[in-house]
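Visitor: I would like to go through this model and ask how each label is earned. Please give me the value and the cut-off each time.

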Amino acid sequence: MDARTVAVVTGASRGLGKALAEQLLGAGARVITIARSHNPALAEIAQRHGAPLQQVLADLSQPESIETAAGMMSAAIPADGTRYLLLNNAGTVDPVKRADELFDAKAVEKAFNLNVVAVMVLTAAFLRTTPAQADRRIVNVSSGAGRKPTRGWGVYCATKAALDHYTRVLADEHPDLRVAALAPGVIDTAMQQHIRGSDQRQFPDLDRFIQLHEGGQLASPESVARRILNHLVSDAFGNKLLDDIRNY
Ligand code: NAP
């Protein structure tokens, strides 16, 4: 990877997205990030590697803000790349509530906006902006929760299942693209910390997640990011549409 690679990473202010952006910058790629908060550490890394970085600040749970972010992303994408990567990584597990408690339409809508709508709109902008003859690859960071029902995660499971199925349509419509919905496994990030703080009445699997953490079974964001990036640029990427990084 080098400066001919242009990468867009959503949710790069922390967690898996931050590790992905750091490693892309370290490899010399030109990187555009989208999240609500600025990450000064990323700016330092970019400076150290002489790699151009643009951090777009946007709330991807709000439709108007998604469209603005898509416009800013398009404006920031250079035309002279040979490889363009879109890593749709930003996501939320909230609201964590069982079906009979899901009265809050706004909270459900925000989750769908971030986990699904933003992916669709950013993908549309990415497809329109990047040259069709370039090597274009999109990874949608999914979850095992989209493929296996989890009590208390009705919203999260539904958004990730929607993301998986959207990925299938995208691949069908655009055989020129390489695309996959990739489950990353259980990673030691703020999202896992948040999950461990869940109300057990709403999330009966709580103990399993506490035990995974206590047993040191969470992967580091850096190790997962490395595996995702190695896979993303490999010839195998896109051969399996609904995939899991633990297969590689
Ligand atoms: P995380 O630590 O919570 O980080 C989430 C990222 O998304 C942050 O950079 C956050 O930035 C951004 N984000 C959240 N809400 C946003 C909003 N409204 N607008 C724009 N950006 C927003 O999560 P993570 O664990 O790294 O998860 C990354 C991806 O992996 C997610 O799609 C998640 O579903 C998936 N995943 C994670 C695990 C796991 O074990 N951690 C397992 C399976 C799948 P700001 O707060 O600055 O906006």
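Visitor: Where is Asn 39 found?

Guide: Asn 39 is in the loop between strand E2 (30-35) and helix H2 (40-49). Keep in mind that this is a predicted model.

Visitor: Why does Asn 39 count as buried?

Guide: Its relative accessibility is 5%. Buried means under 20%. Asn 39 therefore counts as buried.

Visitor: What makes the link from the side chain of Asn 39 to Ala 41 a polar contact?

Guide: The side chain of Asn 39 reaches the backbone nitrogen of Ala 41 at 2.9 Å. The cut-off for a pair of N or O atoms is 3.5 Å. The 2.9 Å value is within that cut-off, so the distance condition is met.

Visitor: Thr 150 is in a loop too. Why is Thr 150 called buried?

Guide: Thr 150 is found in the loop between strand E5 (135-141) and H5. Its relative accessible area is 12%. The limit for buried is under 20%, so Thr 150 is buried.

Visitor: What does the side chain of Thr 150 reach?

Guide: The side chain of Thr 150 reaches the backbone oxygen of Lys 148, at 3.4 Å. The cut-off is 3.5 Å, and 3.4 Å is within it.

Visitor: Why is Gln 200 called partly exposed?

Guide: Gln 200 has a relative accessible area of 38%. Buried is under 20%, exposed is over 50%, and partly exposed is in between. Gln 200 is therefore partly exposed. Gln 200 lies in the loop between H6 and helix H7 (206-214). Gln 200 and Lys 97 are 103 residues apart in sequence, and their C-alpha atoms are 9.9 Å apart in space.

Visitor: Val 119 and Ala 107 both lie in helix H4. Buried or partly exposed: which is Val 119, and which is Ala 107?

Guide: Val 119 is at 5% relative accessibility, so Val 119 counts as buried. Ala 107 has a relative accessible area of 23%, so Ala 107 is partly exposed. The cut-off that decides this is 20%.

Visitor: How far is Ala 107 from Ala 51?

Guide: Their C-alpha atoms are separated by 37 Å. Along the chain they are 56 residues apart. For Val 119 and Leu 25, the values are 94 residues in sequence and 22 Å in space, C-alpha to C-alpha.

Visitor: What makes the bond between Asp 94 and Pro 95 stand out for a note?

Guide: A cis peptide bond joins Asp 94 and Pro 95, with omega about -5°. Pro 95 is placed in the loop between strand E4 (83-88) and helix H4 (105-129).

Visitor: Now the ligand. Where does the ligand sit?

Guide: The ligand sits in the largest pocket. Three elements give two or more residues each to its shell: helix H1 (15-26), helix H5 (154-173) and helix H6 (190-196). H6 has the largest share, three residues.

Visitor: How many residues surround the ligand?

Guide: The count is 30, and the closest are Ser 13, Ser 37, Asn 89, Tyr 156 and Thr 189. The shell divides into 14 nonpolar, twelve polar and four charged residues.

Visitor: What makes the link between Thr 189 and the ligand a polar contact?

Guide: An N or O atom in the side chain of Thr 189 is 2.5 Å from an oxygen atom of the ligand. The limit is 3.5 Å, so this pair counts as a polar contact. A polar side-chain atom of Arg 36 lies 2.8 Å from a ligand oxygen. A polar backbone atom of Ile 187 is also 2.8 Å from a ligand oxygen. Taken alone, the ligand exposes 880 Å², and the protein buries 95% of that.

Conventions. Residues numbered from 1 in each chain as written. Predicted model: local features only at pLDDT ≥ 70, side-chain atom pairs only at ≥ 80, totals over all residues. Heavy atoms only, no water. Near = heavy atom within 4 Å. Polar contact = N/O pair within 3.5 Å; in protein donor to acceptor, adjacent residues only side chain to side chain. Areas by Shrake-Rupley, 256 points an atom, 1.4 Å probe, with all protein chains shown as cover. 1 Å grid on protein atoms, 1.4 Å probe; cavity = no way out; pocket = protein on both sides within 12 Å on 5 of 7 lines; lining within 4 Å. Sits in = over half its atoms within 2 Å of the grid points. Helix = DSSP H or I, 4+ residues; strand = E, 2+ residues; numbered from the N terminus. Nonpolar A, V, L, I, M, F, W, Y, C, P; charged D, E, K, R; others polar. Buried < 20%, exposed > 50% of the residue type's maximum accessible area, 1.4 Å probe, protein only.
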